[in-house]
Amino acid sequence: MSRVIALMTDFGNTDIYTGVIKAVIHRICPQANVIDITHSIQPHHVRQAAFALLDAYRYFADGTIFLVVVDPGVGTTRRPIAARAGNYIFVAPDNGILTYVLAEFEHIEVVELASRDHQLPQVSNTFHARDIFAPAAAYLAAGAVLEDFGPYIETIFTLPVPSFDILERRILGEVMHVDQFGNIVTSIGQFQWMTPEKLTLNPRFGADRERLIPIPAGEVTVTVHDTLIKAILPAYGEAPRGQLLALIGSNGHLEIAVNQGNAAARLDVRIGDRVELQIGVSDAAVRD
Amino acid sequence: MSRVIALMTDFGNTDIYTGVIKAVIHRICPQANVIDITHSIQPHHVRQAAFALLDAYRYFADGTIFLVVVDPGVGTTRRPIAARAGNYIFVAPDNGILTYVLAEFEHIEVVELASRDHQLPQVSNTFHARDIFAPAAAYLAAGAVLEDFGPYIETIFTLPVPSFDILERRILGEVMHVDQFGNIVTSIGQFQWMTPEKLTLNPRFGADRERLIPIPAGEVTVTVHDTLIKAILPAYGEAPRGQLLALIGSNGHLEIAVNQGNAAARLDVRIGDRVELQIGVSDAAVRD
Amino acid sequence: MSRVIALMTDFGNTDIYTGVIKAVIHRICPQANVIDITHSIQPHHVRQAAFALLDAYRYFADGTIFLVVVDPGVGTTRRPIAARAGNYIFVAPDNGILTYVLAEFEHIEVVELASRDHQLPQVSNTFHARDIFAPAAAYLAAGAVLEDFGPYIETIFTLPVPSFDILERRILGEVMHVDQFGNIVTSIGQFQWMTPEKLTLNPRFGADRERLIPIPAGEVTVTVHDTLIKAILPAYGEAPRGQLLALIGSNGHLEIAVNQGNAAARLDVRIGDRVELQIGVSDAAVRD
């Protein structure tokens, strides 16, 4: 059995931290198959990690153990936890980092990682990823069960859902991520193209997740800062090189891009900035 | 059997993209052995990737499957392809990225990746590396053959060969890559040191690939921008610390460097800039 | 048997170099389990690598082979070596990079990597990591023994130990590393918290490694540049957000940080800068 441990942290790619984590995992469970999701979450940006995890987890095989550590409160009273949801296990600090991914599942079980037998002999105050979280993931990969680690807990810390308001002719969202191409990923989604003329909005984060909102594609515009983007296109390369466009990204989020350019740099956009999607002039633009 | 899938992309090391690709590969072929060549090709820089692939591929074991995705045309009409050449398979968009590596082989077979059975159930318009290319590489690693994916195709898109002109006493080339040390890698090569006094030019990219040009080593100088470099040395450390030198890099390309310094920063050199190698004063300097 | 080869270099994450190294390892020893410690040592900074290796190695399993290449002298007369120490093997250039890690062991054996049979057929002057060091690590992982590579050697190149002076009421050290969070890691340590009121200094780098120096915790301050830091706290999150603090980092070094901020940027600190730890006003502050 070769179980995957998938890593997401804000430790970057320059220090020894991620290498040491992998060494700890290997010592406890040599046959674990470690996959790096990313180590480049902005330092201490728990919410960006929560959003990235939501987009990434579904591509991993059943049985995957996610080790997700963005942990500004390391060494303080925040608890280390492990959560079982569907066929996945998530190991993380209890600081809200699992909020969005756990919202995808009906049934969740969470334990506190209290067992000293499943931690390194010496636990520092500054590197629980090495001393507590990596050992937990490795013992789970080696066959331990949630109950081995500590008591079940009833409530965990949660983050506010991404800003996503549906008004009559406007949908208000926020920038959740800027990728390395400068593509601006927003909280507006889940869109799905239904026909060449229509797209359907399946609001992942709205109060009413089941509602589908068909929108005439040709009548949609997007505004970020003071820039209005009329080109809602199916692919980056459909815009002339260097031109702004909006499209539905690969995870169903409304995304703003420049064909072969950097949209975030051009528009000076950062995580948290507001984005607005306007439904055109037709009275039938927004329906239940 | 543990087959290697070698990855080269412009996805960087900050987003979840490469992690998701590895998750997709693992689900289809858990025993595949994934090796990252690099994910730091300049965004959309197909030609830089083509050159990097040429330098990297020969070190990989027979049977390796290369997944090479720099894909500004994702979601447009450019085709996804797989090419068999020697004992390797290359999976890539048909945008010229395989031009230089395929030129190394006598016999090449290429298919279009048309089979929907070998793609993810949902194919986005913006992330074919995840939805088409990674599944293709994984199915190949799991035992699928080229014919399973789609029809053979006769012609693929090619890039211009790197600029490389041999004049009577000068060889003109261009900067193909600047590495993380600031070393400037050029299209001028393949050199081989034959004796302490002579080097031999085996022009990989010239019209006449078989011609060897013995050059008296002591009489060669290199010019980039307006800087003349007289020190053609066997190793970085042979120059005084901080001094410019030229040498034959580890892949046989003429390279300009500063011992323990950054040549590209000092000379303000970028990919595409012209480089000139001058053969000294001897009439016998250039011969057939 | 799946032996770990742990990699540390200054090759960065942007070029093909680390991928090619892994390809070379895989061809020689397909079952080797490669773990990247880091490839982001500052270019040519042998001493930073020596310090990082000291912090990382102890977390790896017995039998691990470390491939440690920061090699400004590549292609010159410096020797390639392999050292056996404890249950580890270290493969590296003989430029001092192993100084600090080997100082941890009583018994060390070192050979020169002279055997041409254990190198690539063509050895370049600029990339011995690919041509000499990676093959050596891979052959060792595949079962070769140190004696296969060349003659034992008696002395190797060493670096000066990190600056660490214990005066009557002051301990003088230097900045050894700045991590990606901007945390400033110093040569002052090894501290251990003994009681809430006392900490104990176990000077790893001092002349007198066995001496423990109990220090009244409440009476310690730290100075770097002209900034005095009074908050010596157990964890980052114990300081108000944005405030400077000092603490004992996860590897036992005195560390200067800003809670959820970047201490190195705020204080404009670089590797090599001086750091001073002052023992408060009590006469009993420093004892044997």
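**Figure 1. Chains A and C of the predicted model are superposed by a rotation of 120°.** The shift along the rotation axis is 0.0 Å, and chain C falls on chain A with an RMSD of 0.0 Å. The two copies are therefore related as by a three-fold rotation axis. Within chain C, C:Asn13 has the C-alpha nearest the axis, at 4.6 Å from it. The surfaces used by the copies are different: of the contact residues of chain C, 3% recur in chain A.

**Figure 2. Chain C meets chain A in a contact that takes 36 residues from chain C and 29 residues from chain A.** Contact here means heavy atoms within 4.5 Å. Together chain C and chain A bury about 2,500 Å², and carbon and sulfur atoms account for 58% of that area. On the chain C side, the residues that lose the most area to chain A are C:Tyr59, C:Gln180 and C:Phe181. These three make up 26% of what chain C buries there. The rule finds 0 salt bridges across the interface of chain C and chain A.

**Figure 3. Chain B is in contact with chain C through 36 residues of chain B and 29 residues of chain C.** About 2,500 Å² is buried between chain B and chain C, with 57% of it on carbon and sulfur atoms. Which three residues supply more of the area that chain B buries against chain C than any other three? They are B:Tyr59, B:Gln180 and B:Phe181, with 26% of that area. Across the interface of chain B and chain C, the count of salt bridges found by the rule is 0.

**Figure 4. A rotation of 120° superposes chain B on chain C.** The RMSD is 0.0 Å, and the shift along the axis is 0.0 Å. The C-alpha of B:Asn13 is the one in chain B nearest the axis, 4.5 Å from it. Only 3% of the interface residues of chain B are also interface residues in chain C, so these copies meet through different surfaces.

**Figure 5. Chain A contains 5 helices and 17 strands.** Of the 288 residues in chain A, 61% are buried. Among contacts in chain A between residues at least 6 apart in sequence, 64% join residues at least 24 apart. The area that chain A exposes is about 11,100 Å², and carbon and sulfur atoms supply 50% of it.

**Figure 6. A:Tyr88 and A:Phe105 form an edge-to-face aromatic pair.** Over all chains, the structure holds 33 aromatic pairs. In the pair shown, the ring centres of A:Tyr88 and A:Phe105 are 6.4 Å apart, with 80° between the planes. This pair links distant parts of the chain, its two residues being 17 residues apart. A:Tyr88 belongs to strand β5 (residues 88-93) of chain A, whereas A:Phe105 lies in the loop between α3 (99-102) and β6 (108-112). Are A:Tyr88 and A:Phe105 buried or exposed? Both are buried, that is, each has under 20% relative accessible area.

**Figure 7. Ring pairs link six residues of chain A, A:Tyr57, A:Phe60, A:Phe66, A:Tyr88, A:Phe90 and A:Phe105, into a cluster.** The cluster includes A:Tyr88 and A:Phe105, the edge-to-face pair of the preceding view. Of these cluster members, A:Tyr88 is in strand β5 of chain A.

Notes:
Residues numbered from 1 in each chain as written. Chains lettered and ligands numbered in written order. Predicted model: local features only at pLDDT ≥ 70, side-chain atom pairs only at ≥ 80, totals over all residues. Heavy atoms only, no water. Least-squares fit on C-alpha atoms with pLDDT ≥ 70 in both. Helix = DSSP H or I, 4+ residues; strand = E, 2+ residues; numbered from the N terminus. Buried < 20%, exposed > 50% of the residue type's maximum accessible area, 1.4 Å probe, protein only. Areas by Shrake-Rupley, 256 points an atom, 1.4 Å probe, with all protein chains shown as cover. Phe/Tyr/Trp six-rings, centres within 6.5 Å; stacked < 30°, edge-to-face > 60°. Buried area = accessible area lost by both parts, 1.4 Å probe. Salt bridge = Lys/Arg side-chain N within 4 Å of Asp/Glu carboxyl O.
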